[in-house]
Amino acid sequence: MTTTPVTCPLDCADACGMLVESDAQQRFVALRGNPSHGYSRGVLCGKTALYGELLNSSERLLQPLVRRGSKAGGSLEPASWDEALARIVERVAPLRATPERILALWYAGNMGRIQRFFPLRVMHALGATNVDGGLCDNSTTAGYECVFGGAYGADLEQVDDCDFVLLWGCDMARTVQHLQPAVQRLARRGVSVVAIDIYRTDTIQALERWGGRGVLVKPGSDAALALGIARLAFERGYVDREFLAQRCLGGATFEAHVRSGHDLAWVEQATGVPAATVSELADLLGRARRFLLKTGIGFGRRRVGAMSMRAIASLVAVLGRPECMHYESFSCFQLEDSVIERADLRPPHSRADVIQHVKVGRELESGRFGAVFVWGHNPAVTCPESLRVRGGLGREDVFVVVHEQFRTETAELADVVLPATFAMENDDLYRSYGHRRLQRARKACEPPPGPRSNVDAFAAIAKALGLPRACHDVRAEQLVDELLAASSRHLDEGQLAALERGESVKVSQPRGEGVGTPSGKIELVSNRAAARGQPALATYVPDDGALGRGRFWLVCAPSVHTHNSTFSHSARHIRRRGEVRAWLHAEDARELGASDGDALVLSNELASLTVRAGISERMPRGLVRIDGVPRAEDTPERVGVNALVSGETSDLGESNSLYSTRVDVRRA
Ligand code: SF4
């Protein structure tokens with residue numbers, strides 16, 4: 001038996017260390033947590049502990065599929081790689097004179113730097129149009145960067161001496177599970193631990209068991225709460241005046257701004273948080289010797305997501321404690337991904353177009369694209385306006401190539417499906433965006449005959465299309481070497497040697513906070529935001545519900561049993577997840593005349609879908625929650641929940657406004 005250290009490849013901040021066991025024939029045997037990983041310490045979440053279910057699934061794609069007949073009436077049939085590649089050449093080669101008609105449609109199905117980004121090299125060499133990736137955290141990143149520049153923040157491995165923990169828009173129990181033991185230890189020691197969210201999340205329930213508590217805010221009102229606390233910080237002397245003067249831009253202007261309004265009565269009215277609680281939060285933050293303010297991206301996937309983050313970051317800045325806040329940590333790594341992507345290979349006549357990912361349905365429907373390459377992504381259920389995405393991919397004049405492990409909803413719309421390997425069947429390099437660890441993962445087991453890695457599949461496409469040698473004369477192992485060599489000035493010899501041994505290596509914050517803002521200071525006044533039509537100061541702007549008029553806010557919460565649409569082809573994961581429910585408050589259900597288990601129709605201007613009601617004391621009035629990304633087959637209409645989500649973007653970052661969705665609800 002051989003044991004190989006690897007990293008969990010899923011799009012999750014914890015980027016856990018794993019050990020893969022393989023037999024003498026290098027076949028996958030088992031997988032478990034790696035106890036020597038400094039952050040995850042041998043523990044995997046429940047869904048990934050069962051990852052082997054995917055590798056050994058009978059539903060796994062083992063050979064290419066090509067469409068025989070039309071999309072409307074034809075079917076996907078098994079084919080050889082040669083036939084699949086010949087089909088691609090036949091349909092894509094004629095588009096090379098107008099390469100902007102080819103779309104690279106990809107996301108984060110595999111977080112390895114090589115497997116995720118190498119296909120882009122091939123797309124660049126074709127001259128294809130790209131997506132901007134605004135499906136997740138671009139608004140919160142844009143807001144954070146307005147104030148702080150890079151995303152560094154607190155070291156999540158060093159929180160045990162905190163004397164106050166505030167989790168803001170962060171359902172730790174579902175999304176940052178490895179922070180839980182430290183938070184639990186602190187709570188049990190009597191440290192105040194509070195979570196701010198829009199419903200009683202799993203995290204709030206856990207805190208209540210440990211002696212902590214939750215604070216519920218009205219959806220989209222986080223900026224009002226942060227500005228109200230900032231006003232109290234100025235009034236009560238919690239502001240670090242020296243820090244404000246020396247390290248921040250616009251301190252006096254910001255102080256005048258928050259003092260000009262944002263009193264307790266106003267905050268209570270705007271947020272629904274009792275004035276006494278707002279006051280208490282200000283004291284807890286202001287008096288803490290060292291706090292941890294951990295934000296998630298829950299408040300960020302909104303029309304006002306960037307502004308909410310700017311307000312919270314500005315609050316932390318005036319307290320003089322940027323090192324106590326954690327949003328993400330990706331700026332610590334400074335990896336030179338450009339050597340993998342190679343945008344320099346673009347043909348001179350290509351336009352380097354980039355479209356908004358959240359509007360990809362509209363773009364596909366328009367007929368603008370003649371060919372689409374999809375990898376690491378299931379846009380037919382995970383993108384906003386997913387009915388339009390499906391309509392666009394389903395056009396007879398759009399040639400769709402999907403590189404996938406299973407026949408996903410997107411693969412079903414393809415002309416060619418190429419079978420993909422799993423991450424542990426490839427070499428790669430992984431970094432977290434939550435903690436500060438980097439790990440080189442060697443190929444831990446052999447894939448079955450048929451599936452190819454992202455690198456090998458796209459190299460084969462490149463060769464068939466006659467693209468430059470740099471696109472096909474490559475191996476993943478060599479690409480990891482190139483990426484590390486290009487990034488090596490940020491890593492010392494000891495770290496590089498540890499990476500060679502497969503160890504997770506902790507990087508340090510390269511420079512001080514504020515780096516990356518135009519002024520080089522922490523910016524409470526942001527001319528960059530103003531130039532993009534936003535207020536220069538963090539300002540409360542009510543969420544407009546993405547212009548929807550439904551009575552309920554729709555909360556598409558993360559699932560603890562699946563990972564977006566990953567694990568949708570594992571019967572065990574789906575059993576654990578159980579039936580898809582629309583959770584709502586008992587009074588709302590009563591007004592709708594609905595009981596637990598009744599079929600409810602959720603609808604808005606975009607779509608309508610039917611889900612069984614779940615009555616939950618965890619839900620406040622006016623919210624309806626669906627966990628995870630249900631499969632299309634989980635509703636009678638055979639559409640996923642993102643059919644209800646609009647393609648309207650957030651205030652900055654051209655990001656999704658998932659949680660701004662409004663729906664009407666009625667009994668079926
Ligand atoms: S999904 Fe997240 S918590 Fe689960 S094993 Fe992967 S990195 Fe760890």
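**Entry 1: β9 and its partners**

I started at a single bridge: Val 194 is matched with Arg 213, which lies in β10. The model I am reading is predicted. I then followed the chain out of β9. It runs through helix α8 (residues 202-210) and on into β10. This β-α-β crossover is right-handed.

Next I counted the bridges. β9 and strand β10 (residues 213-216) are joined by four, in the parallel sense. I looked for a pairing with β8 as well. Strand β8 (residues 164-168) pairs with β9 over five bridges, again parallel. One of the contacts I noted sets Leu 167 against Ala 195 in β9.

I wanted to know how many residues of β9 are buried. Six of the six are, across residues 192-197, so the strand is largely enclosed by the rest of the structure. I checked which way they point. Ser 192, Val 194 and Ile 196 go one way. Val 193, Ala 195 and Asp 197 go the other way. All of them are buried, Asp 197 included. I jotted down the background: side chains in a regular strand alternate between the two faces of the sheet.

**Entry 2: the sheet at the start of the chain**

I moved to β1, β2 and β3. These three strands make an open sheet in the order β1-β2-β3, with antiparallel pairing. Which strands stand at the edges? They are β1 (2-7) and β3 (28-33). Each has a single partner strand, so one side of each is left without a neighbour in the sheet. From one strand to the next, the twist averages 25°.

I looked at the pairing of β2 with β3. Strand β2 covers residues 17-22, and it meets β3 in the antiparallel sense over five bridges. Glu 21 has Ala 30 of β3 as its bridge partner.

**Entry 3: the loop after β1, and the ligand**

I stopped at Ala 15, in the loop between β1 and β2. Its phi is near 35°, a positive value in a residue other than glycine. Is Ala 15 buried or exposed? I found 25 other C-beta atoms within 10 Å of Ala 15. The cut-off for buried is 20 or more, so Ala 15 counts as buried.

Ala 15 is also one of the residues around the ligand. I listed the others. Cys 8, Leu 10, Cys 12, Asp 14 and Cys 16 are there. So are Ser 40, Leu 44, Cys 45 and Thr 48. Gln 177 and His 563 complete the set. By class, I get seven nonpolar, four polar and one charged residues in this shell.

**Entry 4: a second positive phi**

I checked Arg 342 too. Its phi is positive, about 55°, although it is not a glycine. I located Arg 342 in the loop between α15 (338-341) and β14 (354-355). Here the neighbour count is 18 C-beta atoms inside 10 Å, and Arg 342 counts as partly exposed.

**Entry 5: the whole chain**

Last, I took the overall figures. The protein chain has 24 helices and 27 strands. Its radius of gyration is 25 Å, close to the 26 Å that the globule rule gives for 668 residues, so the chain is as compact as a globular protein of that length. I noted the span of the C-alpha trace along its principal axes as about 70 × 65 × 50 Å. Of the 668 residues, 59% count as buried.

Conventions. Residues numbered from 1 in each chain as written. Predicted model: local features only at pLDDT ≥ 70, side-chain atom pairs only at ≥ 80, totals over all residues. Pairing = 2+ DSSP bridges. Helix = DSSP H or I, 4+ residues; strand = E, 2+ residues; numbered from the N terminus. Axes fitted to C-alpha atoms, helices over the stretch in contact; angles between N-to-C directions. Near = placed C-beta within 6 Å. Nonpolar A, V, L, I, M, F, W, Y, C, P; charged D, E, K, R; others polar. Buried ≥ 20, exposed ≤ 12 C-beta atoms within 10 Å, placed from the backbone. Right-handed = clockwise from strand over helix to strand, strands pointing away. Rg over C-alpha atoms; globule rule 2.2 N^0.38 Å.
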